[in-house]
Amino acid sequence: MAHDLTGTAAEEKLRNTRFKEELAVKKLKLRADVGKNLQAIRCAQNITLEELSARTAVRVHYLKKIEAGQAPGLTILTVARIAGALGATAAVAVRERED
């Protein structure tokens, strides 16, 4: 009976590990999608990073990281602030990209 529990525990651990790995991949993709979406909206309006920074009080350096999908501490509040400054919603910014 203990052998069954050990097997079950090992299977559960494996499932948890796979879940964590899949979640990490999804987070990376979401970050990249948000960055690309915000950049596309900004560029379509011919707004520079400097202008966007002035509108949002988000530093240019951090905006560059966001657009590159390399801002791990990015919050939905910051996304909403940036999207709002671009005349969009956070929902538009976080939509999944097909490309």
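Trainee: Which residues line the largest pocket?

Mentor: This is a predicted model, by the way. The lining of the largest pocket is made of Lys27, Leu30, Arg31, Val34, Ala71, Pro72, Leu74, Thr75, Ile76, Val79 and Val94. Two elements, α1 and α4 (76-85), each give two or more residues to that lining. The largest share comes from α1, with four residues.

Trainee: How much space lies in the largest pocket, and what classes of residue make up its lining?

Mentor: About 150 Å³ of space. By class, the lining has eight nonpolar residues, one polar and two charged.

Trainee: What makes a space a cavity and not a pocket?

Mentor: A cavity is a set of points where a 1.4 Å probe fits but cannot get out, whereas a pocket is an open set. The count here comes to one cavity of 30 Å³ or more. The largest cavity has a volume of about 40 Å³.

Trainee: Which residues line the largest cavity?

Mentor: Leu38, Leu52, Leu63, Ile66, Glu67 and Ile82. Helix α3 (residues 60-67) gives the most to this lining, with three residues. Five residues of the lining are nonpolar, none is polar and one is charged.

Trainee: Why is leucine 28 called exposed?

Mentor: Set the value against the cut-off. Exposed means over 50% relative accessible area, and leucine 28 has 51%, so leucine 28 counts as exposed. This leucine lies in helix α1 (residues 2-44). Its C-alpha atom is separated by 7.5 Å from that of glycine 69, 41 residues apart along the chain.

Trainee: And why is aspartate 33 called buried?

Mentor: The cut-off for buried is under 20%. Aspartate 33 has a relative accessible area of 6%, so the label buried follows. Like leucine 28, aspartate 33 lies in helix α1. Leaving aside neighbours within four places in sequence, aspartate 33 is in contact with Ala93, Arg95, Glu96 and Arg97.

Trainee: Which residues of helix α2 are buried, and how do you know that they are on the same side?

Mentor: In α2 (residues 49-56), the buried residues are Leu49, Leu52, Ser53 and Thr56. They cover an arc of only 105° around the axis, so they sit on the same side of α2. On the other side of α2, Glu50 and Ala54 are exposed. Just after the helix, alanine 57 takes a positive phi of about 65°.

Trainee: What makes a set of residues a nonpolar core, and how many residues has the largest one?

Mentor: The residues have to be buried, come from a list such as Ala, Val, Leu and Ile, and be joined through side-chain atoms within 4.5 Å. The largest nonpolar core has 19 residues. Those with the most contacts inside this core are Leu38, Leu52, Leu63, Ile66, Ile82 and Leu86. Helices α1, α2, α3, α4 and α5 (90-93) each supply at least two residues of the core. The most comes from α4, with four residues.

Trainee: Which residues does leucine 86 touch?

Mentor: Not counting residues up to four places away in sequence, leucine 86 touches Leu38, Ile41, Arg42, Gln45, Ile47 and Leu52. Two names there are worth following: Leu38 and Leu52 are also among the residues with the most contacts inside the core, and both line the largest cavity.

Technical notes
Residues are numbered from 1 along each chain as its sequence is written. This is a predicted model: local features need pLDDT of at least 70, side-chain atom pairs count only at pLDDT 80 or more; totals for chains, interfaces and linings use all residues. Side-chain values use heavy atoms; hydrogens and water are left out. Buried means under 20% relative accessible area, exposed over 50%, partly exposed in between (1.4 Å probe, protein chains only). The arc is that of the directions from the helix axis to the C-beta atoms. On a 1 Å grid over the protein atoms alone, a cavity is a set of points where a 1.4 Å probe fits but cannot get out, and a pocket is an open set with protein on both sides within 12 Å along at least five of seven lines; lining residues have an atom within 4 Å of a point. Grid points are joined across faces, edges and corners, and a volume is the space filled by probe spheres set on the points. Ala, Val, Leu, Ile, Met, Phe, Trp, Tyr, Cys and Pro count as nonpolar, Asp, Glu, Lys and Arg as charged, and the others, Gly among them, as polar. Contact means heavy atoms within 4.5 Å.
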